[in-house]
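Visitor: Please take me through one part of this model in detail. I would like the ring contacts, with enough of the surroundings to place them.

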Amino acid sequence: MVSTTESFFVGGLAGCTAVTVSNPFEVAKVRLQLQGELSKAGEFAKVYKNAGDVLAKTWRHEGIRGIQRGLAPAYVYQILLNGSRLGFYEPIRKATNRMVGQLPGEQLAATSLAAGAASGVVGAMLGNPFFLIKARMQAYSPALPVGTQHFYKSSFDALRSVWRAEGPRGLIRGMDAAVLRTSMGSSVQLPSYNWTKRLLIENGWQADGTWTFLASSSLSGACVCVVMQPADTALTRMYNQPTQKLANGKTVGTLYKNPIDCLWKTLKTEGPLGWYKGTTAHFMRIAPHTIVTLTANDLYLGWYRMATAKITHSPVSVE
């Protein structure tokens, strides 16, 4: 039996593996979400045509460093987010089942959604400072800038700069949007993955087969993308918006008060499609990310169980 702590670290490692692959698409998504921010169609110059254009131009002008901007804080964020989401999901789901008088091992839609959302919220709150600086670092481009530009020399410099300029409140900026985004995505990620995987196994697919992992992860990624996209756009804009210090010393965003305000202003000026800017890049990010995360998590857990079983049953040497 794997403990919650062990599941946390295995989940974090799986997330780091995935983000190495998916980070370039995250850079593309962030820049597309900020392009034409609060501007009507035709009122701004399009720097990027689509996700492929972002990747091509970023590679041409900024190289590998450009398409992997924000990777260091992304690793820390993934450890905290996926460690929480994958490590706490089962304990929360089983506890919730017991609270409603059901067997811990039973798969119930309501308790699965609640556990997914709750475990995601924990991870989002823990990882917020790193997601904040990641988004700002990914938005920055010395060649083809879109949105507000924040230049940081490193992740440490970013954290220090935010702390100096805004104090500790700066590091939790956008947490309400992060909680909204992550709870929406997490509420469907693991339930849809587990449901699909169980259905495939019941229809003759191998429980530990690679194709079972890939098919389950692909459907899960599509579900997450559809549900999470508007909140994801709001989060990117909340994080990246310029700030100002008021007379009372409080630092506030100059464009949006909260994620609902962001969604409303985006809807008024850009229409409903404004919520879905960068959707293609988002799916290009989330599909491989979800596939690699959930597949790696299952593989790593299997390898970990095999390794610990060998250690447990290996003879103890006497010197």
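**Rings, pocket and cavity**

Guide: Start with Thr17, which is partly exposed, at 29% relative accessible area. Thr17 belongs to helix 1. Its C-alpha atom is 7.1 Å from that of Thr293, although 276 residues separate the two along the chain. This is a predicted model. Mean pLDDT for the protein is 88, and 97% of its residues reach 70 or more. By element, helix 2 (residues 51-67) has the highest mean, 97, and helix 10 the lowest, 84. Where pLDDT is low, predicted coordinates should not be read in detail.

Now the rings. A pair of aromatic rings is described by the distance between centres and the angle between planes. How many aromatic pairs does a search of the whole structure find? The search gives 4. In one of them, the ring centres of Tyr77 and Phe131 are 4.6 Å apart and the planes meet at 85 degrees, so the pair is edge-to-face. The cut-off for that label is over 60 degrees. Tyr77 is in helix 3 (residues 71-99) and Phe131 in helix 4 (residues 109-139). The pair links distant parts of the chain, 54 residues apart. Tyr77 and Phe131 are both buried.

Phe131 has a further ring partner, Tyr239. Here the centres are 5.6 Å apart and the planes are at 40 degrees, so this pair is tilted. An edge-to-face label would need over 60 degrees, and a stacked one under 30. Phe131 sits in helix 4 and Tyr239 in helix 8 (residues 210-240), so the contact ties together parts 108 residues apart in sequence. Tyr239 is buried, as is Phe131.

Put the two pairs together. Tyr77, Phe131 and Tyr239 are linked by ring pairs into a cluster. Phe131 has one more neighbour to note: Lys134 lies over the face of its ring, 4.3 Å from the ring centre.

Next, the enclosed space. The structure holds 1 cavity of 30 Å³ or more. The volume of the largest cavity is about 200 Å³. Its lining has 20 residues. Which of them lie nearest the centre of the largest cavity? They are Gln78, Leu81, Arg181, Arg285 and His289. Helices 1, 3, 4, 7, 8 and 10 each give two or more residues to this lining. The helices of the ring cluster, 3, 4 and 8, are thus named in that list. Helix 3 supplies the largest share of the cavity lining, 5 residues. By class, the cavity lining divides into 8 nonpolar, 7 polar and 5 charged residues.

The open space comes next. The largest pocket holds about 850 Å³. It is lined by 28 residues, and Glu90, Asn297, Asp298, Leu301 and Arg305 are the closest to its centre. Helix 1 (4-34), helix 3, helix 7 (175-202) and helix 10 (279-313) each supply at least two lining residues. Which element makes the largest contribution to this pocket lining? Helix 10 does, with 8 residues. The pocket lining has 13 nonpolar, 9 polar and 6 charged residues.

Some single positions complete the surroundings. Thr290 is placed in helix 10. Its relative accessibility is 1%, so Thr290 counts as buried; the cut-off is under 20%. The C-alpha atoms of Thr290 and Ala115 are 18 Å apart, with their positions 175 residues apart along the chain.

Val188 is in helix 7. At 17% relative accessible area, Val188 is buried. The C-alpha atoms of Val188 and Val224 are separated by 6.2 Å, and the two residues are 36 apart along the chain.

Last, a loop residue. Leu38 is found in the loop between helix 1 and helix 2. Leu38 has a positive phi of about 55 degrees, yet it is not a glycine. Its relative accessible area is 26%, so Leu38 is partly exposed.

Back to the part you asked about. Phe131 pairs edge-to-face with Tyr77 and in a tilted arrangement with Tyr239, while Lys134 lies over its face.

Key: Residues numbered from 1 in each chain as written. Predicted model: local features only at pLDDT ≥ 70, side-chain atom pairs only at ≥ 80, totals over all residues. Heavy atoms only, no water. Phe/Tyr/Trp six-rings, centres within 6.5 Å; stacked < 30°, edge-to-face > 60°. Buried < 20%, exposed > 50% of the residue type's maximum accessible area, 1.4 Å probe, protein only. Lys NZ or Arg CZ within 6 Å of the ring centre and 35° of its normal. 1 Å grid on protein atoms, 1.4 Å probe; cavity = no way out; pocket = protein on both sides within 12 Å on 5 of 7 lines; lining within 4 Å. Points joined across faces, edges and corners; volume = space filled by probe spheres on them. Nonpolar A, V, L, I, M, F, W, Y, C, P; charged D, E, K, R; others polar. pLDDT = per-residue confidence, 0-100.
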